[in-house]
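Visitor: I should like to learn how to read the features of a structural model step by step. May we begin with a single residue and work outward?

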Amino acid sequence: MTENTGSLSHLKVIDLSRVLGGPYAGQILADHGADVIKIEPPAGDETRGWGPPFLEGTASYFLGVNRNKRGMSLDLSKPAGQELLARLLEDADVLIENFKTGTLDKWGLSHAEIERRFPKLVHCRVSGFGADGPMGGLPGYDAAIQASCGIMSVNGEKDGEALRVGLPVVDMATGLNAVIGILMALAERGQSGKGQFVETALYDCGISLLHPHLPNYYLSGKVAGPSGNAHPNICPYDTFSTRTDPLFLAVGNNRQFATLCRIIDRPDLPADERFADNSVRNQNRDALKVELEEAMRAHDCHELADELIQAGVPCGAVRSIDQVVEDPHTRHREMVVDIGAYRGTGSPIKLSRTPASYRRAPPAFSEHNPEILQGLGADPADHPRAEPDPDKQP
């Protein structure tokens with residue numbers, strides 16, 4: 001184990017959440033020093049089985065968001081499990097959960113009861129649609145939320161079918177917002193001495209990601225559709241062919257456009273009235289793409305990308321996952337983490353005095369039951385470790 005250098009090393013977090021949004025939030029807090037206890041039901045977190053690939057029987061999906069946590073299993077449907085949870089919460093700072101509305105109430109831990117018994121606790125719930133309203137309490141998974149909140153409608157090839165974004169962007173944004181809410185509540189607790197309830201709903205977070213499509217709609221009344229890799233407001237901002245591989249250009253101003261045109265040997269294009277500024281380039285984007293690709297086919301993608309970015313033109317060769325992992329800059333930024341047989345993705349949050357640390361690989365199921373129970377003064381023999389039952393997955 002490496003030294004805990006994190007800014008949150010004074011915090012104790014009880015993570016009752018499963019799948020992605022909540023566990024991702026818990027891992028962010030754990031990477032920055034919090035003592036996070038991951039509590040799983042007797043059947044285990046369902047993502048332990050979301051593979052292959054597996055490491056020692058646990059799927060990569062689970063491993064990706066449960067680093068630096070201590071693992072414990074509790075049957076919270078039983079009074080003994082509920083009592084142990086209450087004892088854990090007595091000195092906890094944060095509770096993260098994503099149960100269906102009413103589940104904690106059945107276990108004697110309604111919002112009002114939590115506030116009464118644990119007045120300093122920050123209680124964070126990750127939910128699909130929130131607890132109330134027309135869809136309150138209903139379940140939500142990332143892809144279904146991408147569909148219902150409009151993300152899929154603007155993703156995909158131009159004039160093609162709607163597509164989900166190829167990563168769980170809503171779940172991960174919800175986890176990030178959960179962390180922001182938790183830290184806000186902890187900051188306020190420093191003044192008031194009181195905890196509070198924090199809720200992040202996938203539906204809300206999905207809608208919040210619809211930039212610039214919602215601002216465009218508010219102003220123009222036009223409903224956006226899929227546009228491939230092109231940007232609805234900026235041009236050229238798209239994937240372009242070269243002699244070798246595709247290159248993505250993200251040209252945000254006239255200076256960058258002029259530099260691009262000079263490097264690809266088309267210095268005349270900025271003087272063309274069709275391409276004089278971003279507004280007219282947007283209106284003539286198809287014609288501009290023809291001109292740019294004709295010139296770029298004389299260039300090697302990676303050589304051109306390096307020359308452009310060194311000259312201040314944002315761009316990137318379209319690379320595969322393995323190329324990203326092996327890139328020297330990825331390693332320089334400490335974005336690949338190795339702990340024994342475990343390999344994970346590093347924290348993107350860099351603090352100068354209190355950086356993230358990587359102290360524990362994700363826990364085996366109920367791995368830390370004995371030490372956590374002993375810390376509570378409970379007899380581990382009364383709560384034996386178990387193996388997750390695939391026939392009883394939640």
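Visitor: Is D238 buried or exposed, judged by relative accessibility?

Guide: Please bear in mind that this is a predicted model. The cut-off for a buried residue is under 20% relative accessible area. D238 has 13% relative accessibility and therefore counts as buried.

Visitor: With which residue does the side chain of D238 meet in a salt bridge?

Guide: In general, side chains of opposite charge can pair when their charged atoms come close. Here the partner of D238 is K289, at 3.3 Å from N to O. K289 belongs to helix α12 and D238 to strand β9 (residues 237-240), so the bridge ties together parts that are 51 residues apart in sequence. K289 itself is partly exposed, because its relative accessible area is 25%.

Visitor: How many salt bridges does the structure hold?

Guide: The structure holds 21 salt bridges. One of them pairs D15 with K69, whose closest N and O atoms are 2.9 Å apart. This pair links distant parts of the chain, since D15 is in strand β1 and K69 is in strand β5, 54 residues apart. Both D15 and K69 are buried. Salt bridges may also be joined into a network, as with R266, D268, D272, R274 and E291.

Visitor: Which residue meets K38 in a salt bridge, and what surrounds that pair?

Guide: The side chain of K38 meets that of D45, at 2.8 Å from N to O. K38 counts as buried at 0% relative accessibility, and D45 is buried with a relative accessible area of 0%. The side chain of K38 also makes a polar contact with the side chain of N66, at 3.4 Å. N66 sits in the loop between α2 (60-63) and β5, and it too is buried, with a relative accessible area of 0%. A polar atom of the N66 side chain lies 2.9 Å from the backbone oxygen of F62. Beyond its neighbours within four places in sequence, N66 is in contact with P23, Q27, K38, P362 and P363.

Visitor: How should one read the nonpolar interior?

Guide: In soluble globular proteins, nonpolar side chains tend to be buried together. In this structure the largest nonpolar core has 32 residues, and those with the most contacts inside it are V13, L29, A34, V94, I96, V122 and I182. Two or more residues come from each of α1 (21-31), β6 (94-97), β7 (122-127) and α7 (169-192). Helix α7 gives the most, with 6 residues. A second, separate core of 25 residues includes I39, L76, L88 and W107.

Visitor: Which residues is I96 in contact with, leaving aside its neighbours within four places in sequence?

Guide: The contacts of I96 include V13, L29, C124 and I182.

Visitor: How does one read a helix that has a buried side?

Guide: An α-helix has 3.6 residues a turn, so residues three or four places apart point the same way. In α3, the buried residues are G81, L84, L85, A86, L88 and L89. Their cover includes β1 (12-15), β2 (35-40), β5, β6, α5 (111-117) and α16 (369-375). L74, in the loop between β5 (69-73) and α3 (79-89), is in contact with G81, L84, L85 and L88, among others. L74 counts as buried, at 6% relative accessibility.

Visitor: Which residues are buried in helix α10, and what marks the ends of that helix?

Guide: In α10 (residues 254-263), the buried residues are Q256, F257, T259, L260, C261 and I263. Elements that cover them include β10 (247-250), α11 (278-283), α12 (285-296) and α13 (301-310). N253 caps the N-terminal end of α10, with a side-chain oxygen 3.2 Å from the backbone nitrogen of R255. After α10 comes D265, whose phi is positive, near 65 degrees. T259 touches A311 and V313, not counting residues up to four places away in sequence.

Visitor: Which residues form a nonpolar patch on the surface?

Guide: Y217, Y218 and V223 form such a patch, with about 390 Å² of accessible area together. Y218 is found in helix α9 (residues 213-220) and counts as exposed, at 61% relative accessibility.

Key:
Residues numbered from 1 in each chain as written. Predicted model: local features only at pLDDT ≥ 70, side-chain atom pairs only at ≥ 80, totals over all residues. Heavy atoms only, no water. Patch = residues over 30% accessible without salt bridge, like charges linked within 9 Å, V, L, I, M, F, W, Y side chains within 5 Å. Areas by Shrake-Rupley, 256 points an atom, 1.4 Å probe, with all protein chains shown as cover. Salt bridge = Lys/Arg side-chain N within 4 Å of Asp/Glu carboxyl O. Helix = DSSP H or I, 4+ residues; strand = E, 2+ residues; numbered from the N terminus. Buried < 20%, exposed > 50% of the residue type's maximum accessible area, 1.4 Å probe, protein only. Contact = heavy atoms within 4.5 Å. Polar contact = N/O pair within 3.5 Å; in protein donor to acceptor, adjacent residues only side chain to side chain. Core = buried A, V, L, I, M, F, W, Y, C linked by side-chain atoms within 4.5 Å.
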